[in-house]
Amino acid sequence: MLVKTFGSAVYGIQATTITVEVNIAAGTKYFIVGLPDVAIKESYFRIESALKNCNYKMPRQQVVVNMAPADIRKEGSAYDLTIATGILAASGQMQAEGLEKYLIMGELSLDGGLQPIRGALPIAIQARKEGFKGFILPQQNAREAAIVNDLEVYGVESIKQVADFFNGDADLQRTIVNTREEFYDSLCNYASDFSEVKGQENIKRALEIAAAGGHNVILIGPPGAGKTMLAKRMPSIMPPLSLQESLETTKIHSVAGKLAAADALVTTRPFRSPHHTISDVALVGGGGNPQPGEISLAHNGVLFLDELPEFKRSVLEVMRQPLEERRVTISRARFTVDYPSSFMLVASMNPCPCGYYNHPEKECVCPPGAVQKYLSKVSGPLLDRIDLHVEVTPVNFNELTSERIAEKSESIRERVIKAREIQLERFGNKPDLHANAQMSPQMVRDLCKISEAGQMLLKKAMEKLGLSARAYDRILKVARTIADLAGSAEIQMEHLAEAIHFRSLDREGWAGN
């Protein structure tokens with residue numbers, strides 16, 4: 001008997017429906033075809049044990065499993081349940097009626113239980129698009145898939161539940177998630193707040209500008225000055241995720257297997273902080289079976305690189321293009337996948353190997369040339385792509401023990417949202433543009449006009465600091481954001497001066513002080 005069941009393969013953050021055909025005929029062997037990988041070939045042993053432990057029989061006949069389309073490589077163990085239900089139906093141990101209405105995925109344990117799968121959300125979206133009535137998958141992934149409307153999602157804990165459902169012996173409990181309620185209930189629910197940071201008002205101002213315009217920022221200062229503490233609170237002052245951004249972010253985390261069973265949506269902006277020993281592939285994504293890297297997991301959020309010069313140079317260089325393109329493309333011989341990577345880069349570093357160059361109280365003990373050598377670990381082109389260079393100085397004792405309550409993240413976020421609304425109105429006819437940092441060079445010329453006095457100020461600054469042409473655009477973008485925060489239609493001299501101040505740590509200018 002020939003039976004068809006349906007599963008799905010995820011490439012990038014898009015899913016492709018896979019038809020699993022199971023045919024049982026005279027013979028004794030088990031064959032699986034259609035470009036399966038080793039994990040799928042091994043499914044025979046998992047399926048056999050699971051069926052036996054749930055009081056079903058593995059047919060002692062020739063079983064041929066074909067996974068179509070046969071020219072797409074299938075990877076992973078998530079097809080176990082798809083194949084097992086096909087075998088049960090083809091061998092007459094389960095009713096085949098209604099199988100074509102459901103997409104079925106799950107990894108089997110030897111006792112018939114189910115392990116969670118990756119990519120449940122993009123699979124559910126594709127299932128709805130192709131008109132499937134329902135999606136049967138492991139209980140741990142049910143909430144994640146249930147945020148897709150107009151699709152019946154059933155979380156199951158064993159293959160016996162699936163067989164009983166199709167045999168009409170038991171009903172499955174449908175998982176229902178109110179997407180909008182789930183989204184709005186936990187929006188902006190951050191554990192850390194800017195009010196917990198004592199002093200550092202100038203750094204908070206820089207991060208407010210960065211959040212308002214989507215600008216990348218680097219914090220340079222001695223150990224213990226509060227660079228990491230400030231960076232961790234960055235998502236709390238960024239505008240709340242829109243529902244569309246939340247879904248897109250959730251898809252990436254779903255594909256990477258980073259969602260907990262209790263999660264349905266990612267409702268707060270991601271904050272990713274990889275260790276400096278990270279490899280190129282782990283940062284940008286890839287591998288034999290391509291997976292999203294840290295820059296994609298930080299999509300719509302913050303990527304924090306602590307101790308920037310300690311990262312391998314090759315790792316930092318592969319990040320340059322995604323910073324500009326806001327997506328990363330991974331190419332293989334047979335296919336190409338795209339992962340979105342529109343993140344805000346926040347980096348931190350010590351000013352020198354000992355950490356005390358330019359310190360107001362402690363003396364730097366580095367030998368001559370060590371500062372320049374240390375800074376040169378971060379390439380000029382990468383520094384050019386970072387809009388704000390901010391020097392962080394230690395907090396003095398009086399500020400540290402002050403009882404004065406600092407401004408809360410919520411207040412800063414309100415100003416940031418107002419500035420973003422001005423930008424959305426400005427870029428209303430360009431749906432891909434959301435913030436000043438994303439402006440093209442031509443748009444900078446059109447939208448960031450400055451007076452003659454401003455031109456002279458900028459010229460002198462560029463000559464003194466040895467800035468590149470890209471840095472010129474960055475200064476204008478930052479000045480435009482500062483003007484938006486002030487509610488000004490024009491870029492004033494004070495806005496330009498403040499923007500230039502945040503380039504003053506450029507490599508040539510700063511190391512030569």
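The following paragraphs lead through a predicted model of a single chain, from its overall makeup to its sheets, its nonpolar cores and selected residues.

The chain has 513 residues, of which 54% are buried. Its C-alpha trace spans about 85 × 50 × 45 Å along the principal axes. The secondary structure comprises 23 helices and 18 strands. Sequence-distant pairings account for much of the contact list: of the contacts between residues at least 6 apart in sequence, 74% join residues at least 24 apart.

Two of the sheets may be taken in turn. One is an open sheet of 5 strands, arranged in the order β11-β14-β17-β10-β18 with parallel pairing. Its edges are formed by β11 (271-272) and β18 (388-391), each of which pairs on one side only. Within this sheet, β14 (residues 302-305) and β17 (residues 344-349) are joined in the parallel sense over 4 bridges. Along this pairing, leucine 305 stands opposite alanine 347 of β17. A helix is also associated with these strands: α8 (residues 201-213) lies across β10 (217-220), β17 and β18, and its direction makes an angle of about 165 degrees with that of β18.

The other open sheet contains 3 strands in the order β5-β8-β9, and here too the pairing is parallel. The strands β5 (102-104) and β9 (152-156) each have a single partner, so one side of each is left without a neighbour in the sheet. From one strand to the next, the twist averages 20 degrees. Strand β8 (residues 134-138) is paired with β9 in the parallel sense over 5 bridges. Leucine 137 stands opposite glycine 155 in β9.

The nonpolar interior can be followed next. The largest nonpolar core has 108 residues, and those with the most contacts inside it are Tyr30, Ile83, Ile87, Phe135, Ile136, Phe166 and Met319. Helix α3 (residues 80-90) supplies the largest share of this core, namely 7 residues. Another core lies apart from it and has 53 residues, including Leu465, Ile475, Ile500 and Phe502. Returning to isoleucine 87, its contacts beyond the neighbours within four places in sequence are Val22, Ile24, Tyr30, Ile47, Leu51, Met58, Pro59 and Val63.

A buried polar residue offers another point of detail. Threonine 249 belongs to helix α10 (residues 243-255) and is buried, with a relative accessible area of 0%. A polar atom of its side chain lies 2.8 Å from the backbone oxygen of glutamate 245. When neighbours within four places in sequence are set aside, threonine 249 is in contact with Val266, Pro270, His299 and Asn300.

The cysteines remain to be considered. A disulfide is a covalent bond between the sulfur atoms of two cysteines. The structure holds 0 disulfides. The criterion used here requires the two sulfur atoms to be within 2.5 Å. For cysteine 354, the closest cysteine sulfur is that of cysteine 352, and because the separation is 3.5 Å, the two are too far apart for a bond. The sulfur of cysteine 366 has its closest cysteine sulfur in cysteine 354, at 3.6 Å, which is likewise too far for a bond. Cysteine 366 is itself buried, with a relative accessible area of 17%.

Conventions. Residues numbered from 1 in each chain as written. Predicted model: local features only at pLDDT ≥ 70, side-chain atom pairs only at ≥ 80, totals over all residues. Heavy atoms only, no water. Buried < 20%, exposed > 50% of the residue type's maximum accessible area, 1.4 Å probe, protein only. Pairing = 2+ DSSP bridges. Axes fitted to C-alpha atoms, helices over the stretch in contact; angles between N-to-C directions. Core = buried A, V, L, I, M, F, W, Y, C linked by side-chain atoms within 4.5 Å. Contact = heavy atoms within 4.5 Å. Polar contact = N/O pair within 3.5 Å; in protein donor to acceptor, adjacent residues only side chain to side chain.
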